[in-house]
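Colleague: Could you walk me through this structure? I have some questions about its layout and its charged side chains.

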Amino acid sequence: MKVQRNIYLEEKPLPEAQEGYLDFLREKGALKLKRLPEKVSAEAACGRVTAAPVFARLSHPHFHQAAMDGYAVKAALTFGASELAPRRLKLGVEAFPVDTGDVLPEGTDAVIMVEDVHQLGPDEIEIIKPIFPYQNVRVVGEDIVATEMIVPANHLLRPVDIGALLAGGVNEVLVYPRPRVVIIPTGDELVPSGTPDPAPGRIIDFNSPMLAELVREWGGEPVRYSIVPDDIAQLEEAVRRGLEEGDVVVLNAGSSAGREDFTAPVLRRLGEVFAHGVAIKPGKPVVLGEAAGKPVLGIPGYPVSAVLAAELFLRPVLAALTGQEVPARDKVRAVLSRRVVSPAGVEEFVRVKLGRIGERIVATPLGRGAGMLLTLVRADGILRVPRFSEGFEAGSQVEVELLRRLEEIENTVVVIGSHDLALDIIANFLRLLFPRASLSSAHVGSLGGLMALKRGEAHLAGTHLLDEETGEYNVPHIKRYLAGVPVVLVNLAYREQGFIVAPGNPKGIKDFEDLVREDVRLVNRQKGAGTRVLLDYHLRQRGIDPRRIQGYEREEYTHMAVAAAVASGVADVGLGIRAAALALGCDFVPVAEERYDLCFLRPYWEGKVGEWLRAVLDHPEFRQAVEARGGYDLRDCGRVLYVQEG
Ligand SMILES: Nc1nc2c(c(=O)[nH]1)N[C@H]1C(S)=C(S)[C@@H](COP(=O)(O)OP(=O)(O)OC[C@H]3O[C@@H](n4cnc5c(N)ncnc54)[C@H](O)[C@@H]3O)O[C@H]1N2
Ligand code: MOO
């Protein structure tokens, strides 16, 4: 393949970029470590990769060993023994007591198990069947024969390998040095991780520690440099030093097209750029190059892009430097719960949550932003949308690469619906009480949750939907939207809803009438959210036209997002729960008590999911933890409020 150079923010297809980069590095002699293999003690060699085959120095066992407790004998003496003609053997002359692992005494070649022997007296035993030569004996080299190869070159040493090396008398082993990866964080805005309260505009350098741990996980030795400002001369200096000290140099950020994105220019000065820009999302502006015979990579700054680009490009380089290949991830077939639209022309990596609902594994896409690291923390798998696809429809069968073991996914409780802080507390107690269980929650509003139940995409939904006609919570909506679906409705809590306002309530907001004031900006919840229904209900009762409210169109998906908008001054008021206001230091003006319930699909309430959740809801410490958040009343927590037949 012809190597293309110096193309600025091109969009190389992924397979071409991955294979092409390794070919490019190979041609440049940059896929070979410049440091020589080193000898390390076998005991400390786990996780290292052998640079040469390892041959046994000793046999194991290295002497004939008794394999059983009993008497060592010369087998020939026992031939012909039977019940009718028992054979007597003189102790210390013909038979010698031995224990498992003992050296076989001179002149003997078999061991009679102690169970097969009659002790006739202190000096004599009797047997009633013969024994064959080498029966119950571990002969020299039974396990390992001296000179035999224990492991080949390019072998990643595991605990069993270490055992075998030591058994074979090999105490030192020649391994590749761990590829030393110099990580250079760049950017004027960065402050070192651990900085307690970064000023606005300052960003904690959390990528370097994260990339360092990935490097370690992939068998490399990370070397973290301190933050380099956006200055081309200083960056060049850092890269030069990195090329001297390291086997691979990774620059983190400055890879895109911004005014201060110097990675590619520096690399062009010191070496060669193979690609700048790959048709992937996230991770597009990755820079792949070489300088001084060593791989140099520019990893984008957004954290999800950084992890993905490192996985796709750095990991294979580290593997190749020690003769390894990157293991493929396991895959699972899943049904997509929501539509995924993706731009054609790039291969997109969509993070998904997975859960088993009945017969199917359901995949729910998580947030797509390249800066949303928590989505990667919560992801169970990655759905790849191919380059020339525009995405997948809801309900389609897709293949998902697993980030967690399938067993964990089988034990995941899937909650979809309205957001409540108590769900996080449930997740925590679930883990404490049942270590193999976990809870995954997606926030799509109360109505969205009921619809997800109807489609069989969750075990349960969190819901607080007020019926405007009857003033009753949840049951009328369940009858309307889940007719014919067997469900069990269980109370989680009553909670206070009210106005979340800035500390001290500077705008003096007391009632819904205040929302139409000119100096008041609202932050709203999305349509279908129970809190939105509550707001609209009160507005209608008072005959207030929502169009008169500033910010009515501005929608957020969680109570915490509403509180954050108020706390940051983007809005003056939002309707939400007291706990969210307290959590972000806002003030709270209560307006209503509402009922927040959990609606289970009945088979899951009756199965292990219900068993787990009943244990959590009944747990006194769980109740205390929820009440401590403020604004919750758990008087009916765990009570079944409504059962619907199928
Ligand atoms: N005009 C264009 N702008 C951008 C493009 C583009 O193609 N044209 N690509 C976008 C994409 S996609 C990505 S990804 C980013 C990549 O940006 P850079 O690699 O140049 O990184 P920065 O701009 O310096 O930072 C982006 C972002 O990441 C944060 N960051 C950087 N380093 C760290 C670190 N060590 N720890 C934590 N966070 C870090 C940084 O503060 C920014 O928020 O460019 C888009 N723009
Ligand atoms: O492609 Mo960038 O890497 O999405 O955020």
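Colleague: Happy to start with the layout: how far apart are the centres of domain 1 and domain 2?
Modeller: Keep in mind that this is a predicted model. Domain 1 is made of 14-33 + 179-314, and domain 2 of 38-60 + 142-175. Taken over C-alpha atoms, their centres are separated by 35 Å.

Colleague: Thanks! Which domain holds residues 65-138?
Modeller: The chain is divided into domains 1 to 5. Domain 4 covers 331-404 and domain 5 covers 430-644. The stretch 65-138 is assigned to domain 3.

Colleague: Where does Asp69 sit, and is Asp69 buried, partly exposed or exposed?
Modeller: Asp69 is found in the loop between strand 3 (65-66) and strand 4 (70-73). On the surface, Asp69 gathers with Asp99, Asp102, Glu115 and Asp116 in a patch of negative charge. Buried would need under 20% relative accessible area and exposed over 50%. At 39% relative accessibility, Asp69 is therefore partly exposed.

Colleague: On to salt bridges: how many does a search of the whole structure find?
Modeller: Side chains of opposite charge can pair when their charged atoms come close. One such pair is Arg405 and Glu408, with 3.5 Å from N to O. Glu408 is partly exposed at 23% relative accessible area. Over the whole structure, the number of salt bridges is 52.

Colleague: In the salt bridge between Asp161 and Arg158, which residue is buried?
Modeller: The two side chains meet at 3.0 Å, N to O. Arg158 has a relative accessible area of 44%, so Arg158 counts as partly exposed. With a relative accessible area of 6%, the buried residue is Asp161.

Colleague: And which residue forms a salt bridge with Asp633?
Modeller: Asp633 is partly exposed, at 28% relative accessible area. The closest N and O atoms of this salt bridge are 2.9 Å apart. Its partner is partly exposed too, at 46% relative accessibility, and is Arg635.

Colleague: Which residues do shared salt-bridge partners join into one network?
Modeller: Here salt bridges are linked through the partners they share. The network joins Glu311, Arg315, Arg329, Glu347, Arg384 and Glu401.

Colleague: Last one: what distance separates the C-alpha atoms of Cys46 and Ala502?
Modeller: Cys46 lies in the loop between strand 1 (38-41) and strand 2 (54-55). At 36% relative accessibility, Cys46 is partly exposed. Along the chain, Cys46 and Ala502 are 456 residues apart. Between their C-alpha atoms, the distance is 56 Å.

How values were computed
Residues numbered from 1 in each chain as written. Chains lettered and ligands numbered in written order. Predicted model: local features only at pLDDT ≥ 70, side-chain atom pairs only at ≥ 80, totals over all residues. Heavy atoms only, no water. Patch = residues over 30% accessible without salt bridge, like charges linked within 9 Å, V, L, I, M, F, W, Y side chains within 5 Å. Areas by Shrake-Rupley, 256 points an atom, 1.4 Å probe, with all protein chains shown as cover. Salt bridge = Lys/Arg side-chain N within 4 Å of Asp/Glu carboxyl O. Lys, Arg positive; Asp, Glu negative; His and termini not counted. Charge placed at Lys NZ, Arg CZ, Asp CG, Glu CD. Helix = DSSP H or I, 4+ residues; strand = E, 2+ residues; numbered from the N terminus. Buried < 20%, exposed > 50% of the residue type's maximum accessible area, 1.4 Å probe, protein only. Domains from an automatic or database assignment.
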